[in-house]
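Some labels used for a protein structure rest on cut-offs. The questions below ask how each label was reached.

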Amino acid sequence: PPRSTPLYSSAASDVYKRQLGERDTLGDVLASSEADAWLEWLRGRPLIETGEIAGEVFVMVHASVHPDWTEEDCLQAAARVESQLRAPDLDSVCGFLSQRAEDAAPGSDRDLLGRVISCRGVQGENWASRPPAADSDAEPWHRPWRARGHAYGVVYGHWAVQGLHLAPGLRGLDTGCVHHGRGRDGYLTAWLPASAEDPPGVSPFRVDAPTLWRVPARRRYYPY
């Protein structure tokens with residue numbers, strides 16, 4: 001049934017909406033009578049969360065941060081994009097999201113959004129959503145990030161094919177629960193940084209074998 005106050009009601013907004021593909025799984029969400037409230041809630045969520053674990057600063061992000069960013073840079077980049085996503089003019093929000101990240105100028109708000117939610121590989125100032133090819137000069141975004149010796153940790157996901165990635169300052173926790181059946185079993189992984197098993201006085205981001213909870217996927221959730 002039609003909603004009483006549809007979120008995307010104008011003709012201009014409809015132009016920017018992508019048609020659902022056969023692999024999309026959002027149809028039941030968008031058809032719900034609560035979809036408008038969920039979308040409004042989602043627009044208000046932070047792109048990057050930050051905090052401290054055992055006195056060490058961390059950021060939590062969907063995909064990546066720029067290798068050169070400090071913790072403050074991360075928050076400033078997120079704030080810029082969040083202001084675009086939370087704009088009261090929904091046509092402008094749709095227009096912003098309709099822009100291709102690949103065509104955005106480096107450092108622009110749309111470029112920052114793409115880096116935070118989609119990036120896997122980097123080559124200089126450029127980034128790509130695809131994993132770096134073995135015969136290219138690109139590299140995983142977290143390799144140059146580690147080389148900078150930052151004083152904060154990063155918890156991230158988005159890279160199911162890479163799998164669990166544990167390194168000093170880095171916790172890549174996407175172990176492919178939804179991608180179960182793509183050549184290996186998928187898991188939902190949680191990191192317990194405040195475990196009693198961690199050596200006292202050692203940074204939780206420096207522990208070589210952190211405490212993890214891993215729950216196997218119950219089924220294959222996504223068709224290939």
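Q: What makes the contact between R86 and E82 a salt bridge?
A: In this predicted model, a side-chain nitrogen of R86 lies 3.8 Å from a side-chain oxygen of E82. A salt bridge needs an Arg or Lys nitrogen within 4 Å of a carboxyl oxygen of Asp or Glu, so the pair qualifies.

Q: Why is E82 called buried?
A: The relative accessible area of E82 is 11%. Buried means under 20%, so E82 falls in that class.

Q: Is its partner R86 buried, partly exposed or exposed, and how do you know?
A: R86 has 37% relative accessibility. That value lies between the limits of 20% and 50%, so R86 counts as partly exposed.

Q: Why can side chains of this kind pair at all?
A: Opposite charges can pair when the charged atoms come close.

Q: How many salt bridges does the structure hold?
A: There are 6 salt bridges, including one between R43 and E40 with an N to O distance of 3.2 Å.

Q: How far apart are R43 and E40 along helix α3?
A: They are 3 residues apart in α3 (residues 35-43), which means a separation of about one helical turn.

Q: What makes R43 buried and E40 partly exposed?
A: R43 has a relative accessible area of 16%, which is under 20%, so R43 is buried. E40, at 37%, lies between 20% and 50% and is therefore partly exposed.

Q: Which parts of the chain does the salt bridge between R206 and E56 tie together?
A: The side chains of R206 and E56 meet at 3.8 Å, N to O. R206 sits in the loop between β9 (187-191) and β10 (212-216), and E56 in strand β2 (residues 56-61), so the pair links parts that are 150 residues apart in sequence. E56 is buried at 13% relative accessible area, while R206 is partly exposed at 40%.

Q: Why is helix α4 called oblique to helix α5?
A: Helices α4 (residues 71-85) and α5 (residues 90-98) pack at about 125°, with axes 8 Å apart. An angle of 65 to 115 degrees would be roughly perpendicular and one over 145 roughly antiparallel; 125° fits neither, so α4 is oblique to α5.

Q: Which residues meet between α4 and α5?
A: V81, Q84 and L85 in α4 meet V93, F96 and L97 in α5.

Q: What makes L26 eligible for a nonpolar surface patch?
A: Patch residues need over 30% relative accessible area, and L26 has 45%, so L26 passes that cut-off. L26, L20, V29, L30 and W38 make a patch of about 420 Å².

Definitions and conventions: Residues numbered from 1 in each chain as written. Predicted model: local features only at pLDDT ≥ 70, side-chain atom pairs only at ≥ 80, totals over all residues. Heavy atoms only, no water. Patch = residues over 30% accessible without salt bridge, like charges linked within 9 Å, V, L, I, M, F, W, Y side chains within 5 Å. Areas by Shrake-Rupley, 256 points an atom, 1.4 Å probe, with all protein chains shown as cover. Buried < 20%, exposed > 50% of the residue type's maximum accessible area, 1.4 Å probe, protein only. Helix = DSSP H or I, 4+ residues; strand = E, 2+ residues; numbered from the N terminus. Axes fitted to C-alpha atoms, helices over the stretch in contact; angles between N-to-C directions. Parallel < 35°, antiparallel > 145°, perpendicular 65-115°, else oblique. Contact = heavy atoms within 4.5 Å.
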